[in-house]
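Please open the structure in a viewer and keep the selection tool at hand. The tour proceeds by selections, each followed by a description of what is found there.

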Amino acid sequence: SAAPAPQGPAPDPAAGRAVHAADRAHVFHSWSAQGQIDPLAVAGAEGSYFWDYEGNRYLDFASGLVFTNIGYQHPKVVAAVQEQAAQLCTFAPAFAIEARSEAARLIAERTPGDLDKIFFTNGGADAVEHALRMARVHTGRPKVLSTYRSYHGGTQQAINVTGDPRRWASDTGTAGTVHFDGPHLYRSPFWSRTEEQECARALEHLERTIQMEGPATVAAVILETVPGTAGIMMPPAGYLAGVRELCDRYGIVFILDEVMAGFGRTGTWFAADLYDVVPDLMTFAKGVNSGYVPLGGVAISQKIAETFDQRPYPGGLTYSGHPLACGAAVATLRTMAEEGIVEHAAHIGETVLGPGLRELAERHPSVGEVRGVGVFWALDLVRDRTTREPLVPYNASGKDNAPMAEFAAAAKRAGLWPFVNMNRTHVVPPCTITEAEAKEGLAALDEALSAADAHTAEAGGE
Ligand code: PMP
């Protein structure tokens, strides 16, 4: 079972039961059938670990929801939030506030190209909402193109451009939103054999979509630089440059969503840096301050900023650029630079996670593909490596999802908190994870993958 927590207070199961009971009485949880969930009561967290009230400690290979890039309770960020709270907890967005202007300056300094103006939101979904609105007002065009294999947020427009099935229950149809197929060689619906073929296929398909929709009706193409929730699918070389070129040719705003991939996760400040591409708008959240206080935003290019130089931008939020959130961002970004955390994430990916995951794939027949970079990896789990049949059917629930549920339970018994989505597990620990911790996580994954192996064709399982 999971290792005991070395830090934190002594186990207190009774307190845990009280927290759990109050949660079940009054907290309405995201994305869940309320009667079917049993949330773990968490007593505390530090660095790469959190622990429950029973004394079980978990290595967090999910970084919460892929946001604690700097780990839990980093003392410099905690101190910055405390100092900001003592100095000025809150102030309306129309004023110039030190924490806000400094956060904007530090973000603009890191974002690629001329993305030098920052519009602040409270998280990722509202960043996507505002990026889309900026593109529509800037172009005067109605439609937005996005990929099926994507997640852009849980609010109305953001869930509409999202491709994954969580969209279905509240989908308003394609009004203003058109989905297309981005590149993904491992599961290419067109049986591309090489990354070059898949790249050409995807670009041709996107251009065809633009032409069929009518270029003068398309305001924006929005992509995750590296689609995260949908499976950490590294785009083939040349794809993003090709999209940039198509957007320029047809006067379309190019939006990169870096909510998950940004701020060190890929071992670079932004995933866009890996591909040397500069979008017109870039959304961010999560890693900007590791979620210590909710914050997101849109980094805006010169060209789009000019549109709103002499005419008002028709949008805003009461808590835009909240001082506590911005104070946390300033401390996070300074600390990441001072402590070389982005370079560390790249190093861990190259020397521990990449080689370690590939070694696991050699020994475990349930691993169909390993893909990723930095601290941003996915294992695509399959029943059969030859046919690539996923370990569980698309969007499976209940009994159909049992192999993934067994995998997750085995990981937790081994002291690892995994990120699981459909037939994949994502290895997305904090950027600050140490080499020893990463190795500990790989050993726990080794145990958990044996549970998945039992369901492969090779094992003769179901
Ligand atoms: N875009 C991407 C790429 C994301 O991964 C997420 C969150 N997982 C969002 C947008 C939405 O962010 P939030 O949950 O902060 O609204």
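The stops below run from the domains to the ligand, the core, two groups of strands and two single residues.

**Before starting**

This is a predicted model, in which local features need pLDDT of at least 70 and side-chain atom pairs count only at pLDDT 80 or more, while totals for chains, interfaces and linings use all residues. Residues are numbered from 1 along each chain as its sequence is written.

**Stop 1: the two domains**

Select residues 13-73 + 341-459 as domain 1 and residues 75-338 as domain 2; these bounds come from an automatic or database domain assignment. The domain centres, taken over C-alpha atoms, are separated by 25 Å. Each side of the contact is made of 29 residues: 29 from domain 1 and 29 from domain 2. Here two residues are in contact if their C-beta atoms, placed from the backbone, lie within 7 Å.

Now colour the side of domain 1 that touches domain 2. At least two residues of this side come from each of α2 (63-66), α12 (341-363), β11 (367-373), β12 (376-384) and β16 (424-427). Helices (H or I, at least four residues) and strands (E, at least two) are DSSP runs, numbered from the N terminus. The largest share, five residues, belongs to α12. By class, this side of domain 1 holds 14 nonpolar, ten polar and five charged residues. Ala, Val, Leu, Ile, Met, Phe, Trp, Tyr, Cys and Pro count as nonpolar, Asp, Glu, Lys and Arg as charged, and the others, Gly among them, as polar.

**Stop 2: the ligand**

Select the ligand and display its shell. The ligand is surrounded by 16 residues, of which the closest are Gly 123, Gly 124, Ala 125, Gly 153 and Val 259; a residue is near a molecule if its C-beta atom, placed from the backbone, lies within 6 Å of it. Helix α5 (residues 124-139) provides the largest share of this shell, three residues. The shell is made up of seven nonpolar, seven polar and two charged residues.

**Stop 3: the nonpolar core**

Next, select Ala 220, Val 221, Val 253, Ile 255, Leu 281, Leu 416 and Ala 448, which touch the most other members of the largest nonpolar core, a set of 134 residues. Such a core is a set of buried Ala, Val, Leu, Ile, Met, Phe, Trp, Tyr and Cys residues joined through C-beta atoms within 7 Å. A residue is buried if 20 or more other C-beta atoms lie within 10 Å of its own, exposed if 12 or fewer, and partly exposed in between. Helix α11 (residues 323-338) gives the most to this core, with nine residues. Both domain 1 and domain 2 contribute at least three residues to this core.

Centre on Val 253. Beyond its neighbours within four places in sequence, Val 253 is in contact with residues including Ala 135, His 138, Ala 220, Leu 281 and Ile 304.

**Stop 4: strand β10 and its partners**

Select residues 296-300. All five of the five residues of strand β10 are buried, so the strand is largely enclosed by the rest of the structure. Gly 296, Val 298 and Ile 300 point one way from β10, and Gly 297 and Ala 299 point the other way.

Add strand β4 (residues 117-121), which runs antiparallel to β10 and is joined to it by five bridges; two strands pair if DSSP finds at least two bridges between them. In this pairing, Ile 118 stands opposite Ala 299. Strand β9 (residues 281-284) is also antiparallel to β10, with four bridges, and Thr 283 stands opposite Val 298.

**Stop 5: an open sheet**

Select the strands β1, β2, β3 and β14, which form an open sheet in that order with mixed pairing. β1 (42-46) and β14 (416-417) are the edge strands, each pairing on one side only. Four bridges link β1 to the antiparallel β2 (residues 49-52). Ala 45 faces Phe 50, and Val 42 stands opposite Asp 52. In the hairpin of β1 and β2, which has two residues between the strands, Gly 47 takes a positive phi near 60 degrees.

**Stop 6: two loop residues**

Select Asn 289, in the loop between β9 and β10. Asn 289 counts as buried because 29 C-beta neighbours lie inside 10 Å. Asn 289 and Ala 325 are 36 residues apart in sequence and 7.3 Å apart in space, C-alpha to C-alpha.

Finally, select Thr 90, in the loop between α3 (75-87) and α4 (98-110). Thr 90 counts as exposed because it has 12 C-beta neighbours inside 10 Å. Not counting residues up to four places away in sequence, Thr 90 touches His 322 and Pro 323.
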